[in-house]
Amino acid sequence: MELLSENRCFEGVQSVYRHTSEACACDMTFAVYLPPQAKDGPVPCLWYLSGLTCTHENAMTKAGLQAHAAEFGLAVVFPDTSPRGEGVADDEAYDLGQGAGFYVNATKEPWARHFKMYDYIVTELRGLLVEKLPLSGQHGITGHSMGGHGALTIALSNPDRYQSVSAFAPIVNPAASDWGRKQLGAYLGSDEAAWAGHDATFLLKEKGWHSDILIDQGASDQFLDLLKPEAFSAALAETRTPSVMRMQEGYDHSYYFVATFARDHVAWHAERLYELDHLGLGG
């Protein structure tokens with residue numbers, strides 16, 4: 001972990017690091033906020049996965065999560081959204097290639113060598129941070145848009161590794177959306193059976209979830225037809241999964257929306273992760 005920057009922030013520390021990733025076969029940059037409580041020992045960790053075109057920096061600078069993380073005593077990890085650099089495959093479109101990893105392990109060329117964001121988030125980066133930083137075994141995950149898709153699919157597929165999950169305006173049914181069919185087809189191939197493991201609506205019906213789920217969605221989101229919140233809402237009802245799914249009047253898809261409800265999400269995760277920490281549970 002090469003330290004690129006470090007700033008005091010709400011009595012904690014906001015840092016940016018770079019490291020060489022085996023999963024993505026390139027250098028990856030990520031950010032971590034450690035709250036002041038981390039000075040006294042390991043703290044639970046909240047992962048924030050960003051959306052299309054973002055890097056580690058967007059949510060770090062725009063979402064305002066640090067103030068809430070300091071209040072509730074959570075570390076926050078801001079990974080990048082894809083592998084990057086010379087020699088890493090890319091596409092002219094903003095929604096494929098660099099900046100658009102979709103949190104899957106690509107199996108098709110030219111993406112297969114580098115685009116292993118699923119393994120990177122679930123295994124490699126987590127292992128590195130737990131080894132190097134004062135993080136406890138309790139981890140929650142959230143994200144926005146493509147990152148909300150990543151948070152839900154990763155949590156639903158790894159309930160032993162994530163004790164809480166939430167999302168902001170997530171892409172919840174990518175197998176039935178132009179924000180998903182294009183990318184899943186490119187990364188995983190044309191066999192749609194391979195897509196089901198990266199579709200939150202399918203996964204919830206197949207696997208269920210061990211706790212409850214929080215989702216905020218802007219009712220004035222310009223991308224509502226691509227996000228398909230009604231599909232996931234129906235799956236929540238069908239599986240009788242405890243949940244809070246809020247349509248927020250007047251809010252769009254921007255970071256202003258994320259920042260408005262960020263405290264609610266940090267508090268949601270802290271309540272669940274610290275309860276688990278107190279009980280000695282968690283992976």
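Colleague: In the protein chain, what share of the contacts with a separation of 6 or more comes from residues 24 or more positions apart?
Modeller: This is a predicted model, where local features need pLDDT of at least 70, side-chain atom pairs count only at pLDDT 80 or more, and totals for chains, interfaces and linings use all residues. Residues are numbered from 1 along each chain as its sequence is written, and side-chain values use heavy atoms, leaving out hydrogens and water. Contact here means heavy atoms within 4.5 Å. For the protein chain, the share you ask about is 73%.

Colleague: What is the radius of gyration of the protein chain?
Modeller: This radius is taken over C-alpha atoms, and the globule rule is 2.2 Å times the number of residues to the power 0.38. With 283 residues, a compact globule would come out near 19 Å. The protein chain agrees with that, at 17 Å.

Colleague: How many residues of strand 3 are buried?
Modeller: Helices (H or I, at least four residues) and strands (E, at least two) are DSSP runs, numbered from the N terminus. Buried means under 20% relative accessible area, exposed over 50%, and partly exposed in between (1.4 Å probe, protein chains only). Over the 283 residues of the protein chain, 58% are buried. Strand 3 covers residues 26–34 and is mostly covered, with a buried count of eight of nine.

Colleague: Which residue in strand 5 is the bridge partner of Val32?
Modeller: Two strands pair if DSSP finds at least two bridges between them. Strand 3 runs antiparallel to strand 2 (residues 12–21), with nine bridges, and also antiparallel to strand 5 (residues 75–78), with three. On the strand 5 side, Val32 is partnered by Val77.

Colleague: Which residue in the turn between strand 2 and strand 3 has a positive phi?
Modeller: Those two strands form a hairpin with four residues between them. The residue in question is not a glycine, and its phi is near 55 degrees. With a relative accessible area of 35%, it is partly exposed. You will find it in the loop between the two strands: Ala25.

Colleague: Is Gln66 of helix 2 buried or exposed?
Modeller: Helix 2 spans residues 65–72, and just after it Gly73 takes a positive phi of about 75 degrees. Leu65, His68, Ala69 and Ala70 are on the list of buried residues in helix 2. Gln66 is on that list too, so to speak: buried.

Colleague: The peptide bond from Glu109 to Pro110: cis or trans?
Modeller: Pro110 is found in the loop between strand 5 and helix 3 (117–132). Omega of the bond from Glu109 is near 5 degrees, and the bond is cis.
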